[in-house]
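Work through the exercises below with the model at hand. Each task is followed by a solution in steps.

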Amino acid sequence: MRVLILGIDGYIGWALALRLVSKNHEVYGMDNLSTRKAVEEIGSDSAFPLPTPEDRVNAVKKYLNSEIKFYKGDISNNEKLREIIKESKPDVIVDFAEQRSAPYSMRDLRHAVYTINNNLDGTLNLIYLVKEIDPSIHILKMGTMGEYGTPNFDIPESAFIEAIINGKEDKIFTPRWGGSVYHFSKIFDSYLLAYFNRLFGLTITDIMQGPVYGSRISEIVNESLRTRFDFDEVWGTVVNRFCVEAVLGLPLTPYGKGGQTRGFISLEDSVEALRTLIEHPPNPGEYRVVNQFMEVHSVNEIAQIVKDSAEELGLHVEIKHVENPRVEAEEHYYNPERKILESLGFTPKRFMKEEVKNMIEDLMPYKERLERFKHVIMPKTKWR
């Protein structure tokens, strides 16, 4: 297949590109490198040094004997995106090209406005250009399980549900309630995708993915092939952040009570699940929602997993709860449905208890580098 990855320079985007070329897919990628700039803006950096996009492409050629065509550009630039879609002629477009951090979106008005404009402008550009250029292109869009919030009902793996409101039955969009401006931008994405699916008959997979953790996939056979790894309070997901705290000898810092519960997935399983969805598209004209996670854990459980793994490696680790900077339910019901990936033959390979140990081992040689950025780990961005 010919695959165009928007946001190829990111944590999941680069890892997916490596997986796809290793499976003989033809990969094209577009990125404006905005995450590199935004992470630098808050005084942080990737745990693993990142080569330039050109050097990354050369490393793929050298170590994987494969080709990736990289374009520098912004998907909010309609003409540039049109040019790249026409040149690459993709069977599927994978859209990761959005501002992906909840804390970043909550820093102030400027960051909130940027998040909404960037994410929704890009989604609308993509929708209209696919309709114009080739409506048969499968759009595979990265959403988030965070769109649903923490409802007191089982989260279905479907776009619509049957509901009874004041005694009247109707089919409604599965209820959503975001926990940040970022999450609301993803909710708006889903509404737009579902609407234009009906209007234009586009083929769409809307992925509701849980937080991703991990430092490696099997294709990372050399340091020059590593994907980025964020660990600061703005860009780092909880598992990755805890692993860096353990390496630096800092206390692991659950926010508030630590009862926040989510569905998680390893980087290895994320890219393999994405490959499965790419190779098994929905029916033409279908809007498919996929809940993509493999394990459900509370933050307290994750802290204990990281502590146990770190101590097996000879590190002394403490757990110290800190004030929660976010506005969220800290103890709640959480039971999402997950069936589509399993029906396509996907089975997870890496689970948190084993993978966290690999992560800590990968990070330990970079301890001196991580020391330079330990001041950006503790939460400073407050929701209120």
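**Exercise 1.** Which element gives the most to the lining of the largest cavity?

Solution. The model is a predicted one. It holds one cavity of 30 Å³ or more, and about 50 Å³ of space lies in the largest cavity. The residues that line this cavity are I8, D9, W14, P53, R56, V57, I68 and F70. Two or more of the lining residues come from each of α3 (53–64) and β3 (68–72). With three residues, α3 gives the most. By class, the lining has six nonpolar and two charged residues, and no polar ones.

**Exercise 2.** Find which helix supplies the largest share of the lining of the second largest pocket.

Solution. The volume of this pocket is about 180 Å³. Its lining consists of L33, R36, K37, V39, E40, S44, D45, L50, R228 and R369. Helix α2 (residues 34–41) supplies the largest share, four residues. Sorted by class, six lining residues are charged, three nonpolar and one polar.

**Exercise 3.** Determine which strands stand at the edges of the sheet that contains β9, β10 and β12.

Solution. The order in this open sheet of three strands is β9-β10-β12, with mixed pairing. β9 (212–213) and β12 (295–298) each have a single partner strand, so they stand at the edges and one side of each is left without a neighbour in the sheet. Between β9 and β10 (residues 261–266) the pairing is parallel, over two bridges; V212 has I265 in β10 as its bridge partner. Helix α9 (residues 267–279) lies across β9 and β10, at about 75 degrees to β10.

Methods
Residues numbered from 1 in each chain as written. Predicted model: local features only at pLDDT ≥ 70, side-chain atom pairs only at ≥ 80, totals over all residues. Heavy atoms only, no water. Pairing = 2+ DSSP bridges. Contact = heavy atoms within 4.5 Å. Axes fitted to C-alpha atoms, helices over the stretch in contact; angles between N-to-C directions. 1 Å grid on protein atoms, 1.4 Å probe; cavity = no way out; pocket = protein on both sides within 12 Å on 5 of 7 lines; lining within 4 Å. Points joined across faces, edges and corners; volume = space filled by probe spheres on them. Nonpolar A, V, L, I, M, F, W, Y, C, P; charged D, E, K, R; others polar.
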